[in-house]
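Me: Please go through this model with me, one question at a time. I would like each answer to end on the name or value I ask for.

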Amino acid sequence: LLAEEQQKLLLPDFDYTFAWKLGSLIREQAAKGKLPVAITITHGTDVVFSLLMPGATIDNLHWASRKSAVAHRCHRSSLAMRLEAEKGSFDFNSRYRLPEAQYVASGGGVPLMLRNGTLIGTVGVSGLPDVEDHRLAVQALEELVAE
């Protein structure tokens with residue numbers, strides 16, 4: 001299901017205007033729901049959009065970064081990686097020898113992939129239960145891809 005979702009989110013192109021629109025759309029949805037989230041958008045590993053909503057803390061920003069790092073490394077959502085680890089009964093960080101301070105397999109990190117399969121960046125959301133973080137990022141991406 002998450003693999004199918006990722007295929008639907010492939011982008012025709014990516015630039016900083018798109019990154020701004022995506023971050024702003026997630027921010028708009030978070031504001032409507034008064035959701036205390038951190039939002040990051042990266043181009044490669046460079047942060048090109050970063051925002052803390054009221055109630056979110058620097059810790060949420062750190063979590064968003066760690067989730068994005070998983071999406072960047074694995075080219076799959078951090079939620080997909082969490083579910084794979086749970087299904088396989090293994091610890092994600094131990095299996096892939098990744099430091100917990102930099103990587104966390106918890107929903108909210110989504111790879112930004114071009115239609116040709118190239119990883120171009122990531123979106124990270126943190127502050128809610130991880131499935132809701134993932135949903136917030138994906139809903140905004142779906143909306144922009146549909147335009």
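**Salt bridges, strands and pockets**

Reply: In this predicted model, Glu86 and Arg82 form a salt bridge, with their closest N and O atoms 2.6 Å apart.

Me: By about how much of the helix are Glu86 and Arg82 separated?

Reply: Both residues lie in helix H4. They are 4 residues apart there, so the separation is about one helical turn.

Me: Is Arg82 buried or exposed?

Reply: The cut-off for buried is under 20% relative accessible area. Glu86, its partner, is partly exposed at 47%. Arg82 has a relative accessibility of 18%, so Arg82 counts as buried.

Me: How many residues apart in sequence are the parts that Arg82 and Asp130 tie together?

Reply: Arg82 also forms a salt bridge with Asp130, the closest N and O atoms being 2.6 Å apart. Arg82 belongs to helix H4 and Asp130 to helix H6, so the parts tied together are separated in sequence by 48 residues.

Me: Which residues are linked in a network of salt bridges?

Reply: Arg82 bridges to Glu86 and also to Asp130. Asp130 is buried, at 16% relative accessibility. The network therefore consists of three linked residues, with Arg82 bonded to both partners: Arg82, Glu86 and Asp130.

Me: Which side chain meets that of Arg76 in a salt bridge?

Reply: The structure holds 4 salt bridges. Arg76 is partly exposed at 32% relative accessibility, and its partner is partly exposed at 28%. The N to O distance is 2.6 Å, and the partner is Glu84.

Me: Which elements do the buried residues of H4 pack against?

Reply: In H4, the buried residues are Ser78, Leu79, Ala80, Met81, Arg82 and Ala85. They pack against helices and a strand, namely H1, H3, H5 (92-96), E3 (109-113) and H6.

Me: Is Ser77 buried or exposed?

Reply: Ser77 sits in the loop between H3 and helix H4 (78-88). Beyond its neighbours within four places in sequence, Ser77 contacts Leu2, Gln6, Gly109, Val110, Pro111 and His134. Its relative accessibility is 5%, so Ser77 counts as buried.

Me: How many residues of E3 are buried?

Reply: Gly109, Pro111 and Met113 point one way from E3, while Val110 and Leu112 point the other way. Residues on both sides are buried. E3 is therefore largely enclosed by the rest of the structure, the count of buried residues being 5 of the 5.

Me: Which residue in the hairpin of E3 and E4 takes a positive phi?

Reply: E3 and E4 (residues 119-126) pair in the antiparallel sense over 5 bridges, and Gly109 stands opposite Gly124 in E4. The hairpin has 5 residues between the strands. The phi is near 95°, and the residue is Gly117.

Me: Which element gives the most to the lining of the largest pocket?

Reply: The largest pocket holds about 230 Å³ of space. Of its 14 lining residues, the closest to the centre are Thr42, Thr45, Val47, Ser65 and Ser68. Strand E1 (38-43), strand E2 (46-52) and helix H3 (58-74) each supply at least two lining residues. With 6 residues, the element that gives the most is H3.

Me: How many charged residues are in the lining of the second largest pocket?

Reply: About 150 Å³ of space lies in the second largest pocket. Its lining includes Glu4, Glu5, Lys8, Arg135 and Glu142. Alongside 4 nonpolar and 1 polar residues, the number of charged residues is 5.

Note on methods: Residues are numbered from 1 along each chain as its sequence is written. This is a predicted model: local features need pLDDT of at least 70, side-chain atom pairs count only at pLDDT 80 or more; totals for chains, interfaces and linings use all residues. Side-chain values use heavy atoms; hydrogens and water are left out. On a 1 Å grid over the protein atoms alone, a cavity is a set of points where a 1.4 Å probe fits but cannot get out, and a pocket is an open set with protein on both sides within 12 Å along at least five of seven lines; lining residues have an atom within 4 Å of a point. Grid points are joined across faces, edges and corners, and a volume is the space filled by probe spheres set on the points. Ala, Val, Leu, Ile, Met, Phe, Trp, Tyr, Cys and Pro count as nonpolar, Asp, Glu, Lys and Arg as charged, and the others, Gly among them, as polar. Buried means under 20% relative accessible area, exposed over 50%, partly exposed in between (1.4 Å probe, protein chains only). Contact means heavy atoms within 4.5 Å. Two strands pair if DSSP finds at least two bridges between them.
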